[in-house]
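Trainee: I would like to practise reading a model. Where do we begin?

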Amino acid sequence: MNRTFSAVAIFLLAGAPAFAQATAEHLAAMDTNGDKAVDATEFAAFADKVYTTLDVDKNGALSQAEVGSTISAEQFQAVDANKNGSLSKSEFAAASKADFAASDLDKNGKLD
């Protein structure tokens with residue numbers, strides 16, 4: 001996983017405080033339409049890409065081992081809504097959606 005992708009994975013899972021540390025390079029990695037902003041659709045698509053990349057064994061669930069040092073055990077547990085020790089795609093997507101909403105400080109539907 002390249003460094004930009006890994007950094008973006010961190011703030012997708014870590015939440016809004018980590019997103020504040022995002023750089024223009026991170027935003028550009030998600031900005032597929034080139035408008036210098038990331039909307040909810042772009043953010044969700046990138047979160048899906050992150051999930052797919054992290055799911056090394058392709059079993060449809062992320063283990064703590066698969067996310068490795070990308071996120072802490074505490075962050076992993078916070079995203080693991082059903083507390084089964086793995087992150088489903090829906091848990092990951094829900095956390096990403098909440099992160100987007102919390103990061104959209106001016107509530108304009110975009111991160112810029």
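Mentor: With one helix. This model is predicted. Helix H7 covers residues 89–103, 15 residues in total, and spans 21 Å from first to last C-alpha, close to the 21 Å expected at 1.5 Å a residue.

Trainee: Which residues of H7 are buried?

Mentor: Glu91, Phe92, Ala95, Ser96, Asp99, Phe100 and Ser103. Across the protein, buried residues account for 40% of the 112 residues.

Trainee: How many helices and strands does the protein have, and in what order do the elements run?

Mentor: Seven helices and four strands. From the N terminus, the order is α-α-α-β-α-β-α-α-β-α-β.

Trainee: What share of the contacts joins residues at least 24 apart?

Mentor: Take contacts between residues at least 6 apart in sequence. Of these, 51% link residues at least 24 apart.

Trainee: And the surface?

Mentor: The accessible surface is about 6,000 Å², with 57% of that area belonging to carbon and sulfur atoms.

Trainee: Where is aspartate 104 placed?

Mentor: In the loop between H7 and strand S4, residues 110–111.

Trainee: How should I read its charge?

Mentor: Check burial, then look for a partner. A salt bridge needs a side-chain nitrogen of Lys or Arg within 4 Å of a carboxyl oxygen. Aspartate 104 is buried and has no salt bridge; lysine 107, the nearest side chain of opposite charge, is 5.7 Å away.

Trainee: Which backbone nitrogen lies 2.7 Å from a polar atom of the aspartate 104 side chain?

Mentor: That of glycine 109. Leaving aside residues up to four places away in sequence, aspartate 104 touches Gly109, Lys110 and Leu111.

Notes: Residues are numbered from 1 along each chain as its sequence is written. This is a predicted model: local features need pLDDT of at least 70, side-chain atom pairs count only at pLDDT 80 or more; totals for chains, interfaces and linings use all residues. Side-chain values use heavy atoms; hydrogens and water are left out. Helices (H or I, at least four residues) and strands (E, at least two) are DSSP runs, numbered from the N terminus. The expected span of a helix is 1.5 Å times one less than its number of residues. Buried means under 20% relative accessible area, exposed over 50%, partly exposed in between (1.4 Å probe, protein chains only). Contact means heavy atoms within 4.5 Å. Accessible areas come from the Shrake-Rupley method with a 1.4 Å probe; for residues, only the protein chains shown count as cover. Lys and Arg count as positive and Asp and Glu as negative; His and the chain ends are not counted. A polar contact is a pair of N or O atoms within 3.5 Å; within protein, one must be able to donate a hydrogen and the other to accept it, and residues adjacent in sequence count only if both atoms are side-chain atoms.
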